[in-house]
Amino acid sequence: MYVKQISVFVENKFGRMAEILNALAEKSIDISALSLADTSEFGILRLIVDKPELAVEVLKEEGVIVKLSDIIAIAIDDTPGGLAKALNVLTEANVVIEYMYAFIGKADGKAMTVIRVDDEPKAVEALKNGGVALLTTEDISAR
Amino acid sequence: MAMWQQEIETMPREELEKLQSERLVWQVNRMYERVELFRNRMDELGLKPSDIHGIEDLHKLPFSYKQDLRDYYPYGLFAEPMENIVRVHASSGTTGKKIVVGYTRNDLDAWDNGVARMMYAIGLDNKDFVQVSYGYGLFTGGLGAHGGATKIGATVIPTSSGNTANQIQTMVDFGSTCLCCTPSYAMYLGEAIEEAGMTDQLSLKAGIFGAEPWTEEMRHAIEEKLHIKAYDIYGLSEIMGPGVSYECEHQCGMHVCEDMFIPEIIDPDTGEVLPRGSKGELVFTTITKEGFPLIRYRTRDICSLNYEKCACGRTHVRMNKPTGRSDDMLIIRGVNVFPSQVEEVLLKVGSGITPNYQIIVDRVNNNDTFEVNVEMDESMFADDVKSIEKLEKTITNELRSMLGIGAKVRLVNPKSITRSEGKAKRVIDKRKI
Ligand SMILES: [Zn+2]
């Protein structure tokens with residue numbers, strides 16, 4: 001019902017992002033979605049990968065702070081208005097979206113998006129009832 | 001708790017002061033004869049050894065300074081011929097030139113006794129295993145703790161500093177009951193042990209930490225991490241090494257070994273002796289030291305003395321933890337800043353914050369910049385920008401209210417600040433003033 005998201009504290013230092021991504025590349029960890037929230041002082045890098053546990057281990061070895069958490073990911077029709085339809089379901093259920101970001105590429109002609117909300121169980125319920133497909137970690141690893 | 005030298009440690013003050021007076025007169029006489037610099041300074045003041053009758057005359061004597069040790073490097077201030085000197089210790093000065101001190105056999109014995117008093121005072125004896133993780137070498141920490149532990153018949157585990165993984169394994173395998181190291185290294189070890197999930201395998205009950213300033217908050221953090229009682233020990237190589245003063249089981253100030261050292265608190269600007277209980281610069285006179293004695297040595301440490309009798313029964317005066325140094329105080333935008341104040345703030349803000357930080361001061365366009373880098377840890381990190389920004393802001397605000405000036409707070413990666421296994425580098429002052 002959820003996928004694993006990795007959040008990384010990124011010190012605002014030249015080359016820091018590259019170091020982190022290189023470390024993952026070295027272990028052939030495939031990134032399927034990514035976003036960077038940044039301020040002038042630091043950033044939070046969020047990743048969806050095929051081997052989340054391994055990624056956490058690798059990053060910890062790099063000396064960065066990592067957090068692993070469950071997050072909702074949905075698959076939607078790759079047609080105009082596809083995403084809006086899914087979000088309408090959440091709005092109607094009074095679920096607040098804190099942030100979201102899209103997967104790189106598509107699977108089976110579907111576009112995929114990661115959504116962080118204030119109330120996960122409520123959101124899951126609403127999406128299911130609204131006929132929106134929820135992705136699992138297995139879906140990500142199988143890509 | 002038992003006492004190592006009960007008669008001396010509980011000597012009524014009147015008797016103790018009589019003993020100090022006798023020893024002071026003895027020391028002044030022999031130093032006048034043997035140490036040229038001291039003789040010259042006495043002569044300049046028109047003082048003769050015969051003018052000194054006891055501790056009531058102490059304030060008349062000339063001060064001595066760290067610079068003297070550099071000027072007379074290496075052996076120029078020794079009061080015994082080298083054949084009677086059985087050990088030297090040294091530390092690097094800021095100018096790059098080392099300072100050197102020397103010990104006779106009696107000096108080493110007195111030193112061991114000082115440390116032994118502390119070890120008994122905190123409940124150690126010959127059944128204990130004392131792991132000495134201070135560096136061994138010219139630095140006095142390692143061999144100082146080593147000597148005291150040997151004196152009480154404890155089993156010494158001389159790991160010296162460094163190799164954290166090995167330190168921890170040794171601690172577990174050998175059943176160390178007491179750890180001696182710098183407080184910052186104790187924190188570091190505590191974190192590493194926690195990370196390894198080995199806290200339950202420890203037999204530690206006490207820690208003897210010194211050689212750098214630390215706060216009460218840091219004491220609590222160490223005690224919590226290592227499940228021990230953490231005791232402060234004070235010393236400086238110029239006077240002896242660790243053990244000049246130490247905490248007893250009550251952790252309420254450090255008893256100065258007053259049968260060996262007379263402490264005074266002076267105004268660092270005027271040199272005047274301040275009334276009892278005042279805060280000022282700590283000055284020591286070594287009244288039993290043979291090899292390398294000093295009269296009225298300016299430690300630059302700022303603290304106060306408490307003459308009330310301690311609950312432990314010892315009569316020796318207690319000095320408070322130095323709150324700063326009269327010479328490493330930073331003046332930023334005209335405001336006095338002690339690194340210990342920054343540390344206090346960091347430990348207060350949020351429970352999970354490790355006290356590892358670095359102050360960076362610079363001058364840009366004639367304006368002082370003041371940056372505080374604070375290492376993040378997992379408990380401080382949340383997957384949301386707002387809460388991290390809030391943490392930064394809280395630290396900034398707390399620093400402002402403590403110091404009265406604004407600091408630029410930066411959260412940095414864990415272990416990215418150099419944490420030497422000896423002393424932590426807390427301040428980088430890039431200003432050329
Ligand atoms: Zn006491």
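How many aromatic pairs does the count come to over all chains? I began with this point, and the count came to 12 aromatic pairs over all chains. I note at the outset that the model is predicted.

**Entry 1. Aromatic rings**

I looked up the pair formed by B:Tyr234 and B:Phe284, and recorded it as tilted, with 6.4 Å from centre to centre and 40 degrees between the planes. B:Tyr234 belongs to strand 7 (residues 229-236) of chain B and B:Phe284 to strand 11 (residues 279-286) of chain B, so the pair ties together parts that lie 50 residues apart in sequence. Are these two residues, B:Tyr234 and B:Phe284, buried or exposed? I found B:Tyr234 buried, and B:Phe284 buried as well.

I then turned to a cluster with members in both chain A and chain B: A:Phe9, A:Phe42 and B:Phe381 form one aromatic cluster.

**Entry 2. Arginine over rings**

I checked two arginines against aromatic faces. A:Arg46 lies over the face of A:Tyr99, at 3.6 Å from the ring centre. In chain B, B:Arg298 lies over the face of B:Phe63, at 4.9 Å from the ring centre.

A:Arg46 came up again when I looked at charges: A:Arg46, A:Arg116, A:Glu120 and B:Asp383 are linked in a network of salt bridges.

**Entry 3. Salt bridges**

Side chains of opposite charge can pair when their charged atoms come close. Over all chains I noted a count of 32 salt bridges, and I looked up three of them individually.

In chain A, A:Arg16 forms a salt bridge with A:Glu19, and their closest N and O atoms are 2.4 Å apart. The two residues are three apart in helix 1 (residues 16-26) of chain A, which means that about one helical turn separates A:Arg16 from A:Glu19. A:Arg16 is buried, because its relative accessible area is 8%, under the 20% limit. A:Glu19, at 34% relative accessibility, counts as partly exposed.

In chain B, B:Asp57 forms a salt bridge with B:Lys60, with 3.0 Å between the closest N and O atoms. I recorded B:Asp57 as buried, with a relative accessible area of 7%, and B:Lys60 as partly exposed, with 38%.

The third is the salt bridge of B:Arg410 with B:Glu371, where the closest N and O atoms are 3.8 Å apart. This pair links distant parts of the chain, since B:Arg410 is in strand 19 of chain B and B:Glu371 in strand 18 of chain B, 39 residues apart. Both residues are partly exposed: B:Arg410 has a relative accessible area of 22% and B:Glu371 one of 25%.

**Entry 4. The sheet that holds strands 18 and 19 of chain B**

In what order do the four strands of this open sheet in chain B run? I read the order as 19-18-17-20, with mixed pairing. Strand 19 (408-412) and strand 20 (427-429) of chain B are the edge strands, each pairing on one side only. Neighbouring strands of the sheet are turned against each other by 20 degrees on average, direction ignored.

Strand 18 (residues 367-375) and strand 19 of chain B run parallel and are joined by five bridges. B:Glu371 stands opposite B:Lys408 in strand 19 of chain B.

**Entry 5. Helices across the sheet**

I last looked up two helices of chain B. Helix 10 (residues 339-348) of chain B lies across strand 17 (357-364), strand 18 and strand 20 of chain B, and runs at about 125 degrees to strand 17 of chain B. Helix 11 (residues 385-403) of chain B lies across strand 18 and strand 19 of chain B, and runs at about 140 degrees to strand 19 of chain B.

Note on methods. Residues are numbered from 1 along each chain as its sequence is written. Chains are lettered from A and ligands numbered from 1 in the order in which they are written. This is a predicted model: local features need pLDDT of at least 70, side-chain atom pairs count only at pLDDT 80 or more; totals for chains, interfaces and linings use all residues. Side-chain values use heavy atoms; hydrogens and water are left out. Rings of Phe, Tyr and Trp (its six-membered ring) pair if their centres lie within 6.5 Å; planes under 30 degrees apart count as stacked, over 60 as edge-to-face and the rest as tilted. Buried means under 20% relative accessible area, exposed over 50%, partly exposed in between (1.4 Å probe, protein chains only). A charge sits over a ring if NZ of Lys or CZ of Arg is within 6 Å of the ring centre and within 35 degrees of the ring normal. Two strands pair if DSSP finds at least two bridges between them. Axes are lines fitted to C-alpha atoms, for helices over the stretch in contact, and angles run from 0 to 180 degrees between N-to-C directions. Contact means heavy atoms within 4.5 Å. A salt bridge is a side-chain nitrogen of Lys or Arg within 4 Å of a carboxyl oxygen of Asp or Glu.
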